[in-house]
Amino acid sequence: IKALASAIDARDPSTKKHSENVSTIAMEIGEEMGVSEADLESLQWGGLLHDVGKIGIPDAVLCKPGRLTSDEYTFIKVHPERSYEILRHVDRLKGAIDGARHHQEKFDGTGYPHGLRGTNIPLLARIIAVADTYDSITSSRAYRAGSTHEAAVKEMTRVSGTQLDAELLDVFLRICDEDPALLVQLGVRREWDDQ
């Protein structure tokens, strides 16, 4: 499973450690919320493998340094369903499927692949969405440098209740306040690092 996660990150060098970071953050949120041991295991694997469906996306789209065209974005939008198609065949990963399949749903129902809304989005997917959003903002990509923790918090707060589950975001922000070592582990810059 870890080898598969590494293969995902290897497809796009700018996302190195993304899957691992998403898994780490998701596990922290799950532990703070007191989810079951089985759900924690599903968060671990779901976080690691949430982007496994990107294996089928052409490099020209996945690694493009500029803005995606509408057609290219359509390729990206199918990756959660491809993740489902890959993971559904592995009994050990059954619990991770919902997190991988629905991590791009938005709390207001405007996400993909199924336009699920609010608590109709599986809890593990909502947790992974918070983790994925944070790491996506704070990690450097081919088309931009990673942002600071403070910039990520500002952006995530802006989309709280529309893109992200506000309650889960609050849990994550509390974890960050109480455990600044997590940000060091994730390699996230702080505002004062740039001064």
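Tutor: A crossing is left-handed if the near helix is turned anticlockwise from the far one by less than a right angle, and right-handed if clockwise. The model is predicted, so that local features need pLDDT of at least 70 and side-chain atom pairs pLDDT 80 or more, while totals for chains, interfaces and linings use all residues. Residues are numbered from 1 along each chain as its sequence is written, and side-chain values use heavy atoms, without hydrogens or water.

Student: In which hand does α8 pass α9?

Tutor: Helices α8 (residues 123-138) and α9 (residues 149-158), which are DSSP runs of H or I with at least four residues, numbered from the N terminus, have axes that come within 9 Å and cross at roughly 135°. That angle makes α8 oblique to α9 (neither under 35, over 145 nor 65 to 115 degrees). The contact (heavy atoms within 4.5 Å) includes Tyr134 of α8 and Glu155 of α9. The crossing of α8 with α9 is right-handed.

Student: Which residue meets glutamate 155 in a salt bridge?

Tutor: A salt bridge needs a side-chain nitrogen of Lys or Arg within 4 Å of a carboxyl oxygen of Asp or Glu. Glutamate 155 has a partner three residues away in helix α9, hence about one helical turn apart. At 2.7 Å, N to O, that partner is arginine 158.

Student: Is glutamate 72 buried or exposed?

Tutor: Glutamate 72 meets lysine 64 in a salt bridge of 2.7 Å, N to O, and lysine 64, at 21% relative accessibility, is partly exposed. Buried means under 20%, exposed over 50% and partly exposed in between, with a 1.4 Å probe and protein chains only. At 16%, glutamate 72 counts as buried.

Methods
Axes fitted to C-alpha atoms, helices over the stretch in contact; angles between N-to-C directions. Helix = DSSP H or I, 4+ residues; strand = E, 2+ residues; numbered from the N terminus.
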